[in-house]
Amino acid sequence: MFAYRVLLSLFATVTLFKAARAGQLAARMGRETAQPGPHIWLHGASNGELTSVRPVLEQVIADRPDLNWLITTNTTTAQTMVDGWNLPQISTRLAPVDLSYVQSRMMRRWDVRAHIALESELWPNRFRLCPGPVILLGARLSESTARAWSKLGDLAQQALTPVVYASAQDSASLARFDELGLSKDAQGPVVDLKSFYKPPTATGDGTDFTEFPRGTTWLAASTHDGEEEIVLAAHLKALETHPELKLILAPRHPNRGDAIADMIETAGLRFARRSAGEPPANTQVYLADTLGEMHLWYPRAGRVYVGGGLTDRGGHTPYEPAAFEAALIFGADTKNFRASYDRLRAADAAIEVTNVESLAQALTDLEPVDVQREKGASAKEALKQDGDIGDLIQSILKHLPKV
């Protein structure tokens, strides 16, 4: 615990300094106004984690309308997204740092009765000081993270002792949690929350995409620094034989929009920027440099490159584009969703690429619309969840306290 206190102090110092500069110090210290009444505290790191739990949360709220919810996240964009859901009995805040006295303050002010943590969010002081049960959903523990925890003595076991139910994202994560001391009684079935994603009924905002028909449009989704250059080079190469091809480029971090716009301009491609409100007419590339709008782009692209795999970022979720039955392309680094991509590989339901040439070839191989549809349907089928959302919800409800 001593080593964790030292590491946490360093982390908290940096976090609180940044928070002070951003006017978020009260939030990070747990001092913002609390709503009255007992609360269930749900925490997810950012947009992806919270989006994945939304179907579960909506059903739990319907089954237990008596509960109040405190939802925390590490980013303001995710907080804004959850606010936009307009779900009843919910308050959103930025997550406080995991200092003991800060966590005690949060538990007391919000009258927390239980805590639900998503994916990789393991916070020892928060778990230890929660007066009620701790639940882990979509729990993910990489090999490197497990090694790091193992070097901190019995801290991991202390953190996991309050956990009464844990549904891991994959069997490898479950095995690592078991090795770190998660109680056998707390180990639930392996369920990837992202597999429950359902496309929204409204997938347009009135923008005219007539010149971007799905069959001749591809999407580079959630790209990182180092990937846009590959994407643009592959697009230029594919244009040599398919001049009608269109690209929607949606970076993971839209604040990189200016730099990416410079790359597109240098490549000599006609483009428009979403953040500037520019229409996509008469362009070859549409730079979707905004947040929270991926649901607008997936249905417009018959082919989707899922970002994060051509760098060392571990790849991003294939579930959302697969839900729209897009033909999937992905890079070799898939450690964040290894089990999911292994299923796609085994079913030959997606194309793996490693460089400009293989990405351009994948775009060409997927040029026929019927091939796009076939691959998209195969990807959706390959990623069907073995578990049932109803069973998961019943397990959660069983552990939530009466208030």
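A residue is called buried here when its relative accessible area is under 20%. By that cut-off strand S4 is mostly covered, because 6 of its 7 residues are buried. The legends below describe close-up views of a predicted model.

**Figure 1. The open sheet consists of 6 parallel strands.** The order of the strands across the sheet is S3-S2-S1-S4-S5-S6. Strand S3 (90-94) and strand S6 (163-168) are the edge strands, each pairing on one side only. On average, neighbouring strands of this sheet are turned by 15° against each other, direction ignored. Strands of a sheet pair through backbone hydrogen bonds, in either a parallel or an antiparallel manner.

**Figure 2. Strand S4 pairs with S1 and with S5.** S4 spans residues 112-118 and S5 spans residues 134-139. These two strands run parallel and are joined by 4 bridges. On this side of S4, His115 stands opposite Val134 of S5, and Ile116 has Ile135 in S5 as its bridge partner. The pairing of S1 with S4 is also in the parallel sense and runs over 5 bridges. Here His39 is the residue opposite Val112 of S4. Within S4 itself, 6 of the 7 residues are buried.

**Figure 3. Helices H3 and H5 lie across strands of the sheet.** Helix H3 (residues 47-63) lies across strand S1 (39-43), strand S2 (68-73), S3, S4 and S5. H3 runs at about 180° to S2. Helix H5 (residues 100-109) lies across S1, S2 and S4. The angle between H5 and S1 is about 135°.

**Figure 4. Asp111 has a positive phi in the loop between H5 and S4.** Most residues other than glycine have a negative phi. Asp111 is not a glycine, yet its phi is about 50°. With a relative accessible area of 29%, Asp111 is partly exposed.

**Figure 5. Arg273 makes a polar contact with Asp289.** Is Arg273 buried or exposed? Arg273 counts as buried because its relative accessibility is 17%, and the cut-off for a buried residue is under 20%. Arg273 belongs to strand S9 (residues 271-273). The polar contact is between the side chains of Arg273 and Asp289, at 2.8 Å. Leaving aside residues up to four places away in sequence, Arg273 touches Gly257, Asp258, Ala261, Glu278, Leu287 and Asp289.

**Figure 6. Phe209 and Tyr286 form an edge-to-face aromatic pair.** A pair of aromatic rings is described by the distance of the centres and the angle of the planes. A search of the whole structure finds 9 aromatic pairs. In the pair of Phe209 and Tyr286, the distance is 5.3 Å centre to centre and the angle between the planes is 90°. The pair links distant parts of the chain, with its two residues 77 residues apart. Phe209 is in the loop between helix H9 (171-180) and strand S7 (217-223), whereas Tyr286 is in strand S10 (residues 285-287). Both Phe209 and Tyr286 are buried. Together with Phe212 and Trp297, they form one aromatic cluster.

**Figure 7. A salt bridge joins Asp348 and Lys375.** The side chains of the two residues meet at 3.5 Å, N to O. Asp348 lies in the loop between helix H14 (338-346) and strand S13 (350-353), and Lys375 lies in helix H16 (residues 369-382), so the salt bridge ties together parts that are 27 residues apart in sequence. Asp348 is exposed, with a relative accessible area of 53%, while Lys375 counts as buried at 17% relative accessibility. Asp348 also has a positive phi of about 50°, although it is not a glycine.

**Figure 8. Further salt bridges include those of Lys335 with Asp333 and of Lys384 with Glu381.** Side chains of opposite charge can pair when their charged atoms come close. How many salt bridges does the structure hold? The structure holds 22 salt bridges. The side chains of Lys335 and Asp333 meet at 2.9 Å, N to O. Lys335 is partly exposed, with a relative accessible area of 43%, and Asp333 counts as buried at 17% relative accessibility. In the salt bridge between Lys384 and Glu381, the N to O distance is 3.3 Å. Glu119, Arg140 and Lys194 are joined into one network by salt bridges that share partners.

Conventions: Residues numbered from 1 in each chain as written. Predicted model: local features only at pLDDT ≥ 70, side-chain atom pairs only at ≥ 80, totals over all residues. Heavy atoms only, no water. Buried < 20%, exposed > 50% of the residue type's maximum accessible area, 1.4 Å probe, protein only. Polar contact = N/O pair within 3.5 Å; in protein donor to acceptor, adjacent residues only side chain to side chain. Contact = heavy atoms within 4.5 Å. Phe/Tyr/Trp six-rings, centres within 6.5 Å; stacked < 30°, edge-to-face > 60°. Pairing = 2+ DSSP bridges. Axes fitted to C-alpha atoms, helices over the stretch in contact; angles between N-to-C directions. Salt bridge = Lys/Arg side-chain N within 4 Å of Asp/Glu carboxyl O.
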